[in-house]
Amino acid sequence: LASTACGPFTSTELTARPEGLRPASRRLKATAITSEVPHRVDRNRVKLLCLPPPAGESCPIDVREACAESNPLRNAYFGDLHIHTRHSFDANAFDVPTTPQDAYAFARGTPVALPPLALDGTPTQTAQIDRPLGFAAVTDHSEFLGEVEMCVTPGSAAYTSAFCTQYRTDTPNNATTIFGIQLTPASPSRNVQVCGPDGTGCIPDAMAVWRRMQLAADAVYDRTAACSFTSFVGYEYTAATGISTLHRNVIFRNERVPFPTTYFEQPTPQGLWAELANTCLDAGTGCDALVIPHNPNESNGKMFQVPAGEDAAQAALRASMEPLLEIYQHKGDSECRNGLSAVLGAPDELCDFEKEQYPSFADCGDGTGALGSARLGCVPRRDFARGALLEGLKEAERIGVNPFQLGFIGGTDT
């Protein structure tokens, strides 16, 4: 095998055994590849579902037929890059039964079953869109893929723990909170009841779920000349430092994806970008990704805060990693809000339309606050796209690079 292996899986590496052992005795080490059956790993057998690239060639970006219709001036397509299924801690707490396969089927026009559940556990209602979408990505929360799977799977190592029992039996809001609160410290750690004292006990289950998410996306991707539907592999990075929403969706261009980065390993956006550069963009595997922040309206000024001392290189990295903002979804719009300081121009009546409602709030001004995820704390102009764009222009004047030259999309977060 060459040093770079192509394939729809996470990283692989070949390692020789330690010095002093027979040269012919070597081991193949495969990371982030698991059995299709959770909780069952045969350590004596490893199946590599990847191939080395031909000598002198890089990994192909995609293997598919050329689309029959191609417009050099571009076409407009409609889709959703923010979708949750039962693998997300919050969706599962509210009895959402949807699988990634169900989510993609819904995006293509098939009805989907939804809660509330009947006494026998079956969904009581269905939903269906009036016309199919052109693209979609399931973006379940990366932080708890393993924990949720263990908490709801009878016989798992953590199923009978006090934490998992509370998750299954408490109210949906409380069940969501006991997971979400883990993402608020600046130095987070995993729940030892579920993941063990070293925090690694959840990884095998997380890997199995991540693999199923990849398979679901691959199964519906139309590689024929019809090009009727494009699926993307993705996940949500769920930072909530200080109970402020700093969430970002990570969307991959193709099937060559690394294992998800979480807030536990990288509790800052700079860490997320560096990890994606290391495991994806600069890994030589053909991987490509973009990061889409959402709900800065709950970030208390933190989402688009420029760190002290940020230079042109750091600003350029941010601009290249985050070229888009999800400006609208079910938690309100993040375009603008009247009544905030240092906003240019007269009040805009549209900036009072469909705002997320706070009991009351103060203006952070140039500072930051906390508790935005709970609709509390201060709100500055930088929590909205118009304020972020102004901040970007100021930075372009200061260092020659605009970190917030943003495009906009809408999402559902459902």
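Which residue in strand 5 is the bridge partner of Ala113? The first legend gives the answer; the views show a predicted model.

**View 1. The hairpin of strand 4 and strand 5.**
Strand 4 (residues 112–117) and strand 5 (residues 123–127) run antiparallel and are joined by four bridges. Ala113 is paired with Thr126 of strand 5. Five residues lie between the two strands, and in this hairpin Gly121 has a positive phi near 90 degrees.

**View 2. An open sheet of five strands.**
The strand order is 3-6-7-8-9, with mixed pairing. Strand 3 (79–83) and strand 9 (289–293) are at the edges; each has a single partner strand, so one side of each has no neighbour in the sheet. On average, neighbouring strands of this sheet are turned by 25 degrees against each other, direction ignored. Within the sheet, strand 7 (residues 230–239) and strand 8 run antiparallel and are joined by six bridges. Tyr235 has Val250 in strand 8 as its bridge partner.

**View 3. Helix 2 and helix 7 against strands of the sheet.**
Helix 2 (residues 100–107) packs on the sheet and touches strand 3, strand 6 (135–138) and strand 7. The direction of helix 2 makes about 160 degrees with that of strand 6. Helix 7 lies across strand 6, strand 7 and strand 8. Relative to strand 7, helix 7 runs at about 150 degrees.

**View 4. Packing of helix 3 with helix 7.**
The axes of helix 3 (residues 145–152) and helix 7 (residues 203–220) are 7 Å apart and make an angle of about 100 degrees. The two helices are therefore roughly perpendicular to each other, since angles of 65 to 115 degrees are counted that way. From helix 3, the contact takes in Leu145, Gly146, Glu149 and Met150. Their counterparts in helix 7 are Asp205, Ala206, Val209, Trp210, Arg212 and Met213. By class, the residues of this contact comprise six nonpolar, one polar and three charged.

**View 5. The salt-bridge network of Glu147, Arg190 and Glu265.**
Arg190 and Glu147 form a salt bridge through their side chains, with an N to O distance of 2.6 Å. This pair links distant parts of the chain, 43 residues apart: Glu147 is in helix 3, and Arg190 is in the loop between helix 5 (172–180) and helix 6 (192–195). Arg190 also forms a salt bridge with Glu265, with the closest N and O atoms 3.5 Å apart. Here the partners are 75 residues apart, and Glu265 is in the loop between strand 8 (246–252) and helix 8 (269–281). Are Arg190 and Glu147 buried or exposed? Both are buried. Arg190 counts as buried because its relative accessibility is 19%, and the cut-off for buried is under 20%. Glu265, at 44% relative accessibility, counts as partly exposed.

**View 6. A salt bridge within helix 10.**
In the whole structure, a search finds 16 salt bridges. One of them joins Glu395 and Arg398, whose closest N and O atoms are 2.7 Å apart. Both residues belong to helix 10 (residues 385–399) and are three residues apart, about one turn of the helix. Glu395 has 8% relative accessibility and therefore counts as buried.

Conventions:
Residues numbered from 1 in each chain as written. Predicted model: local features only at pLDDT ≥ 70, side-chain atom pairs only at ≥ 80, totals over all residues. Heavy atoms only, no water. Axes fitted to C-alpha atoms, helices over the stretch in contact; angles between N-to-C directions. Parallel < 35°, antiparallel > 145°, perpendicular 65-115°, else oblique. Contact = heavy atoms within 4.5 Å. Nonpolar A, V, L, I, M, F, W, Y, C, P; charged D, E, K, R; others polar. Salt bridge = Lys/Arg side-chain N within 4 Å of Asp/Glu carboxyl O. Buried < 20%, exposed > 50% of the residue type's maximum accessible area, 1.4 Å probe, protein only. Pairing = 2+ DSSP bridges.
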